Amino acid sequence: MRKSHIAGLVLLALLMVFMPARSSAQISVGVAVHIGPPALPVYEQPICPGAGYLWTPGYWAYGDDGYYWVPGTWVMAPTVGYLWTPGYWGWGGGGYFWHAGYWGPHVGFYGGINYGFGYGGVGFFGGRWNGGVFAYNTAVMHVNTTVIHNTYVDKTVINNVTVNNHVSYNGGTGGVSARATSAELAAEHEHHVATTSMQTQHEHAASTNRALLASENHGKPAIAATAKPGEFTGHGVMAAKAAATPHSASTNGGNKPTNNAADLHKTDRPPSSRAGSTPANASHLNNATNANTTHTNNAATSARANNLATAPHTHNAANNAPRSQPHPQNKPQTESKPHSEGKPR
């Protein structure tokens with residue numbers, strides 16, 4: 001009886017110790033996924049629909065049919081002064097777990113993932129709160145300054161017009177190896193607000209759209225970003241430009257715009273690393289060499305035909321020579337002078 005009482009006290013103490021940790025929004029939710037999410041697609045940010053909207057990057061969610069894309073969208077902040085910390089996939093416990101995003105006074109750790117548009121992997125540089133009004137940094141945000149006047153330009157941060165190809169998860173094979181800073185750890189223990197109802201509806205609408213499944217769009221969703229939550233049609237919808245493989249993407253948070261047209265023709269590995277492959281330039285050289293060889297052989301063949309007509313006895317003697325002797329026609333340099341064989345001796 002006394003042992004049961006002691007065990008109960010120990011269990012209660014453990015629950016009290018872990019209670020503060022469970023209040024953090026960084027608790028992983030759902031079941032472990034044994035395959036990491038695809039790379040983040042490349043897309044342009046739709047123009048901000050109005051003052052007070054904050055950008056929430058797109059991400060890969062997981063459902064019954066596998067990964068599906070939740071388009072990035074502009075969302076009204078639930079409270080003045082709050083910023084959005086995106087969720088992220090992280091490796092741990094034998095699988096990938098989703099760490100849900102949250103609203104708070106400071107941006108916390110989001111796996112070091114480069115979501116673009118101010119979310120380069122650490123912190124947020126797309127805007128700030130000034131006197132209860134959100135000001136947009138037009139160096140990384142797509143804002144119509146003729147309509148929204150609370151703007152500024154800070155080009156010291158990394159300029160990101162389009163989301164670059166990069167890995168979409170932290171840890172594991174090929175994942176981002178970033179770890180939370182002291183400031184990000186402090187932000188995790190602040191008061192948080194979960195996703196708004198508009199964000200929840202937005203994700204649910206994405207889960208019911210089969211075109212957003214990774215198995216259907218192969219990492220290139222037609223609805224990569226929207227101007228407002230849940231609006232998947234209209235001029236505010238942005239399609240993905242390209243898709244990247246998770247292990248070939250840059251994980252250093254570089255935000256320089258990329259040449260998407262060039263990326264469409266690139267392979268995952270250089271041609272020299274693939275066994276049995278021939279570079280394109282080598283094929284052209286081989287074709288040119290084959291053409292020249294064919295022309296030379298044709299000329300040599302014509303010369304041999306003339307020799308047969310004018311000097312049959314000479315060629316018969318050559319044909320009756322022992323096989324151990326080298327044949328003159330086996331040397332390429334003798335074939336380059338067909339006219340010397342055409343004259344009768």
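This report walks through a nonpolar core, a small sheet and one buried glutamine in a predicted model.

## The core

Let's start with the nonpolar residues. The largest nonpolar core here counts 53 residues. Trp55, Trp89, Tyr115 and Tyr136 are the ones with the most contacts inside that core.

Quite a few strands chip in. Those giving two or more residues to this core are strand 2, strand 3 (59-63), strand 4 (66-70), strand 5 (72-76), strand 6 (83-85), strand 7 (88-92), strand 8 (95-99) and strand 11. Strand 4 supplies the largest share of the core, with four residues. As background, nonpolar side chains in soluble globular proteins tend to be buried together.

## A three-strand sheet

Strand 11 turns up again in an open sheet, where three strands run in the order 10-11-12 with mixed pairing. Strand 10 (127-130) and strand 12 (151-152) are at the edges with a single partner strand each, so each has one side without a neighbour in the sheet.

Now for how strand 10 meets its partner. Strand 10 pairs with strand 11 (residues 133-137) in the antiparallel sense, over four bridges. Across this pairing, Gly127 sits opposite Tyr136 of strand 11; Tyr136 is also one of the core residues with the most contacts.

## A glutamine tucked into a loop

Gln45 belongs to the loop that links strand 1 (28-33) and strand 2 (53-56). Is Gln45 buried or exposed? Its relative accessible area is 3%, and because buried means under 20%, Gln45 counts as buried.

What lies 2.8 Å from a polar atom of the Gln45 side chain? That spot is taken by the backbone nitrogen of His142.

Definitions and conventions: Residues are numbered from 1 along each chain as its sequence is written. This is a predicted model: local features need pLDDT of at least 70, side-chain atom pairs count only at pLDDT 80 or more; totals for chains, interfaces and linings use all residues. Side-chain values use heavy atoms; hydrogens and water are left out. Buried means under 20% relative accessible area, exposed over 50%, partly exposed in between (1.4 Å probe, protein chains only). A polar contact is a pair of N or O atoms within 3.5 Å; within protein, one must be able to donate a hydrogen and the other to accept it, and residues adjacent in sequence count only if both atoms are side-chain atoms. Two strands pair if DSSP finds at least two bridges between them. A nonpolar core is a set of buried Ala, Val, Leu, Ile, Met, Phe, Trp, Tyr and Cys residues joined through side-chain atoms within 4.5 Å.
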